[in-house]
Amino acid sequence: MLFALTVAFVKVALLVAVIMTTAAYLTFLERKISAFMQDRVGPNRVGWKGLLQPAADGLKFVFKESITPKSADRLLYNLAPVMSFVPGMLNLAIVPFGAAFVVGGREFSPQVADLDIGILYFVALASLSVYGVVLAGWSSNNKYSLLGGVRSSAQMISYELAMGLAIVCMLMIYGTLKLGEIVSAQDSILGWGVFRQPIAFAMFLVASYAETNRLPFDLPEAEGELVAGYHTEYAGFKFALFFVGEYVSMIVSSSLLVTLFFGGWQLPGVDVSGLPLILQILMPPLVFAAKTGVLLFLYMWVRWTLPRFRYDQLMNLGWKVFVPVGLVNILATGTLILARIRPFAA
């Protein structure tokens, strides 16, 4: 029992350290990518080539004065950033970052928790993050913040339904809720979910942009209309929790996309079981990280390429396009499974 608890603690500590560092440097990478796309230089002063800019930003957030509006609901105002940040971190526990390996007769897995209901766990926690945004908008007692919170709740309801319909199609094909088993089923490139369910992939991808409030779905912030939306009244460390929480949610969404649609840690044509132990341990997480990095780059590319949707366009896409298309896709998938037509049959 003590050994199992120690292993779990090491996994959690390592995961938190890696994810927080990655989230910090994603801010640096996004600023560099946006600068490149706009023919600018980007951060280049703090550290070599600006590489210490995230550390400088972090120190600024920690020591910057945190102001609470007089008319704000203090309890909810202080709780909202935590409620926005924590669900994303908790969702990382179920992500299968690599294959299990054996050392000294004991089997180890990079996954913190291999739950039988992994997908349901993700959906449940992902829906909780909107409470932080809504409570931030309401508790600030600011009209712009309130509008941002209301927009976020409507957006989450609309696109969480689309994401759920996409996930149902994947569960019908793979016949399991365990993420590790879904990855194992994608043992060839043609077995990847993106080729077996391209419509579900497109729906999940767009819905993940909407749930993380990224352009072109950043209406809860919408600087041109709502100042900064739901976090208008936040500063210092509380604002940093919202800021980092967005990037953590991006990492979680990209990780789930890799797990469900791109074979997870598997590299087509490569069997790691015959490799030296050190490569068996390191190669799967590195492959997973590379695939996730491509999807994170896509997040940034889309942000600095597409304009923000109007609110009616956002709602129409969610309810009039994704919901009917998702239902038809489920019906078609079920029909093909009953007809035992590959590659849809589980």
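The following exchange discusses selected helices and loops of a predicted model.

Me: Let us start with H12. How many residues does H12 have, and what is its reach from first C-alpha to last?
Reply: Helix H12 covers residues 311–338, which is 28 residues, and reaches 40 Å from its first C-alpha to its last. That is close to the 40 Å expected at 1.5 Å a residue.

Me: Where in H12 is the kink?
Reply: The kink lies at phenylalanine 322 and amounts to about 35 degrees. Proline 324 comes shortly after that position. Phe322 is also one of the buried residues of H12, including Val323, Gly326 and Asn329.

Me: What covers the buried residues of H12?
Reply: The cover includes helix H5 (143–174) and helix H8 (198–211).

Me: And which residue with a positive phi follows H12?
Reply: Arginine 340 follows H12, with a phi near 55 degrees.

Me: Turning to H8, is serine 208 buried or exposed?
Reply: Serine 208, which lies in helix H8, is buried, because its relative accessible area is 0% and the buried class requires under 20%.

Me: Which residues does serine 208 touch?
Reply: Not counting residues up to four places away in sequence, serine 208 touches Met163, Ser253, Leu257 and Tyr299. In addition, a polar atom of the serine 208 side chain lies 2.5 Å from the backbone oxygen of leucine 205.

Me: How do the axes of H8 and H10 cross?
Reply: The axes of H8 and helix H10 (residues 236–261) come within 10 Å and cross at roughly 170 degrees. H8 is therefore roughly antiparallel to H10. On the H8 side the contact is made by Ala200, Phe201, Phe204, Leu205 and Ser208, and on the H10 side by Ser253, Leu256, Leu257, Leu260 and Phe261.

Me: What about the loop between H8 and H9: where is the cis peptide bond?
Reply: The cis bond joins leucine 215 and proline 216, with omega about 5 degrees. Proline 216 is found in the loop between H8 and helix H9 (223–226). Asparagine 213 is placed in the loop between H8 and H9 and has a positive phi of about 60 degrees although it is not a glycine. For context, most residues other than glycine have a negative phi, and most peptide bonds are trans.

Me: Is asparagine 213 buried or exposed?
Reply: Asparagine 213 counts as buried, because its relative accessibility is 9%.

Me: And aspartate 39, buried or exposed?
Reply: Aspartate 39 counts as exposed, because its relative accessibility is 74%. Aspartate 39 lies in the loop between H1 and helix H2 (53–63), and its phi is positive, near 60 degrees.

Me: Staying with H1, what is arginine 31 in contact with?
Reply: Leaving aside neighbours within four places in sequence, arginine 31 is in contact with Gly42, Pro43, Gln53 and Asp57. Arginine 31 is in helix H1 (residues 2–37) and is partly exposed, at 35% relative accessible area. Arginine 31 and proline 43 are twelve residues apart in sequence and 7.2 Å apart in space, C-alpha to C-alpha.

Me: Finally, where does H3 bend?
Reply: H3 bends by about 30 degrees at alanine 80, and proline 81 follows within four residues. The 18 residues of H3 should span 26 Å at 1.5 Å a residue, so the 27 Å between its end C-alpha atoms agrees.

Me: What covers the buried residues of H3?
Reply: The cover includes H1, helix H4 (118–139) and H10. Among the buried residues of H3 are Tyr77, Ala80, Pro81 and Phe85.

Key
Residues numbered from 1 in each chain as written. Predicted model: local features only at pLDDT ≥ 70, side-chain atom pairs only at ≥ 80, totals over all residues. Heavy atoms only, no water. Helix = DSSP H or I, 4+ residues; strand = E, 2+ residues; numbered from the N terminus. Expected span 1.5 Å × (residues − 1). Bend = angle between axes of the 7 residues up to and from the residue. Buried < 20%, exposed > 50% of the residue type's maximum accessible area, 1.4 Å probe, protein only. Contact = heavy atoms within 4.5 Å. Polar contact = N/O pair within 3.5 Å; in protein donor to acceptor, adjacent residues only side chain to side chain. Axes fitted to C-alpha atoms, helices over the stretch in contact; angles between N-to-C directions. Parallel < 35°, antiparallel > 145°, perpendicular 65-115°, else oblique.
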